[in-house]
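Open the structure in your viewer and keep the selection box ready. We will go from stop to stop, and at each one you will hear what to select and what is there.

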Amino acid sequence: MKHPRIFQLICLLAHLIYKAHSFDGNQQSVPTDKLLVLTVATQETDGFLRFMQSASYFNYTVKVLGMGEEWKGGDVGRSIGGGQKVRLLKEAMEDLADQEDLVVLFVDSYDVVFAGSPEELLRKFQQASHKVMFAAEGLIWPDKRLSEKYPSVRSGKRFLNSGGIIGYAPFINRIVKQWDLHDNDDDQLFYTKLYVDTQQRVSLNMTLDHKCQIFQNLNGAIDEVMLKFATDRVRVRNTMYDTLPVVVHGNINTKIYLNYLANYVPNAWNYEQGCRSCDQNMVDLSLANEYPSVTVGVFIEQPVPFVPEFFQRLLDLDYPKDKLNIFIHNSEVYHEKHIQRFWEEHRNTFASFKVVGPEENLSEGEARNMGMDSCRKDAQCDYYFSIDAAVQLTNKQTLKILIEQNRKIIGPLVTRHGKLWSNFWGALSLDGYYARSEDYIDIVQGKRVGVWNIPFMAHIYLVKGEVLRTEMKERNYFVLEKLDPDMALCRNARELGIFMYITNRHEFGRLISTANYNTTHRNSDLWQIFENPVDWKAKYIHPDYVRIFTENHLEQPCPDVFWFPVFSEKACDELVDEMENFGTWSGGKHEDKRITGGYESVPTDDIHMKQINYDKEWLHFIREFIAPVTLKVFSGYYTKAYAIMNFVVKYTPGRQAYLRPHHDSSTFTINIALNSKGTDFQGGGCRFHRYNCSIESPRKGWSFMHPGRLTHLHEGLPTTNGTRYIAVSFIDP
């Protein structure tokens, strides 16, 4: 052609004339029964099912192309491909080509959700006044050289994206009839070449959705997109163009962000009704003839506090034990005693019980592969429940709740006490590590409650056995490059298109901090009062302690002598065990280099807390658990909760059986009985001379609290048999 520029101007003028005559402000709207959604899906993936749910919510009519076919369109997420979609669309359009009033919407399905109704979609399409509209994006793919051929736009996205097409059936048919390539050729390149051809663009009356009125592609646009919360609806909003797209497409590397959006859009969660999708497809175990069989994988990959309590909580799960097969991997010699005790007591409680110990020298990834594979290979295994020893499950219904939620992979939310640390990530950074999602804090703090599609989880999760045998058939999912095992599993699940969920619909338990866990002690959990205060309290504080404040559960056996429960049996036993293991008792001598001046006027046979490096922990115990009682019984006195003299005394008839009358160098003193009269010793007790009042039957775990100076001269009554232990502190000296 000699004058291509003149030809382009003529085509443009013809297009403008056509547009002016084809659009009338009073144009009749297209009825929704004249809208047909076509999509391609060869498998019913989680993404496809989500797409269909969103379509069903808005009553879209959807026809699925290619279901059951082998996918030959290449890996479109990483390279060129997708031609199979054009071929399937071409075949489908042959039967629709003569329906001039039919509007066809062709979209992807694995990474697409509807955010608006058919009425809104058709209204926006008609307002565009074109016969065909493609989705648009700000990045050109796959041939950057074609960018120069694109028409300029004053505002909006310039480049075509093939993940969304809407148009009248005859025009869509005219486009796809031109396809004569292979299934693994690139669909976007095909459409792009047609669109940048001015003659084709004008004759087919094509345009792009430049300002995301209908199609929102997330690739390159995440910073433009946010959720818009109304009272009973949530929409995706493009903040750059102030539009509310109808179709949201998580193309390329934005699928995680799409999952985040789809936790709300179109009807999953809102502020007024909360989680509206949580009860979908649930199962009711109460109606089951028998409970599913579960393989429980327990992993101890580092020294972990409170392992005996972990095992007890595992045992306390409200689930038939004959349906639980236990697999334990322990890489720590320190914990062999705990596992041995659990195995000896409960090996016949469960359907099966297998332990893989440190002598096997398995890596964590290999051990986790082994545990999961034990369920995969067992056709009778309905679920695989993986739990790390750092998880303390306080909800006995946890396993039932997860099974009834009926997801392929789901975990209960567990958090570290007093922190935002949890067992999931709401988003990932570009290099695949932690990033905080907008809703992370609200989910962790329970301000938003539901079942959440998330990109990473760890420590505790339930996987369907069927999924392991059909979708995750390979043995090795926990070893991948340099990733830690949990990150490897989650990346593999994401790449397989398997959604992972976390639920915070119930309180489930907490994560233990394993930092600074020193296993050189005989009873190392005693030192966890700082790192894990909730679990320390649960293990070591008397179960009736709280009743002191709720029910006034204390006694006053002598004037200003108060008697109350404070230590559990375990606290008493372990503290005595630590002292006996240390073994260097003072012998009740006056000369004492441990104290200032080196002389004790009223000596006891004792070991100081400092000698076993327990003084900081002990003072914290006084602040947390003794000071509140002090304020209650000595109203108006605010203790500094400080003590220099903190020690355990040992009374035996053969060494030191009693203690002569004396005052304490304290404002007040506590005296905690660490063992039981009648069982461990005979005799003992305390007599207050001023009031001629004696307490001769001390209770294990109970403490006396009394003034130290002036008014309460007292003596330790003789221990006549056995060994008596007490813990003493001179507070506010």
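Select Arg-87 to begin: at 21% relative accessibility this residue counts as partly exposed (buried means under 20% relative accessible area, exposed over 50%, partly exposed in between, with a 1.4 Å probe and protein chains only). This is a predicted model, in which local features need pLDDT of at least 70 and side-chain atom pairs count only at pLDDT 80 or more, while totals for chains, interfaces and linings use all residues. Residues are numbered from 1 along each chain as its sequence is written, and side-chain values use heavy atoms, with hydrogens and water left out.

Now add Glu-69, which forms a salt bridge with Arg-87, the closest N and O atoms being 3.5 Å apart (a salt bridge is a side-chain nitrogen of Lys or Arg within 4 Å of a carboxyl oxygen of Asp or Glu). Glu-69 lies in the loop between strand E2 (62-65) and H3, and Arg-87 in helix H3, so the pair ties together parts that are 18 residues apart in sequence. Helices (H or I, at least four residues) and strands (E, at least two) are DSSP runs, numbered from the N terminus. Glu-69 is partly exposed too, with a relative accessible area of 31%. Add Glu-91 and Asp-183 to see a network of salt bridges that links them with Glu-69 and Arg-87.

Stay in helix H3 (residues 83-93) and pick Leu-89. Is this residue buried or exposed? Leu-89 counts as buried, at 0% relative accessibility. Leaving aside neighbours within four places in sequence, its contacts (heavy atoms within 4.5 Å) include Leu-38, Phe-106 and Tyr-191.

Next, jump to Phe-567, Trp-618 and Phe-621, the residues with the most contacts inside the largest nonpolar core, which has 86 residues. Such a core is a set of buried Ala, Val, Leu, Ile, Met, Phe, Trp, Tyr and Cys residues joined through side-chain atoms within 4.5 Å. Helix H19 (residues 615-633) gives the largest share of this core, eight residues. Apart from it lies another core, of 60 residues, among them Leu-96 and Tyr-195.

For a further salt bridge, select Glu-290 and Lys-323, whose closest N and O atoms are 2.7 Å apart. Glu-290 is exposed, with a relative accessible area of 54%.

Finally, colour by pLDDT, the predictor's confidence in each residue, from 0 to 100. The protein has a mean of 95, but pLDDT stays under 50 over residues 15-25.
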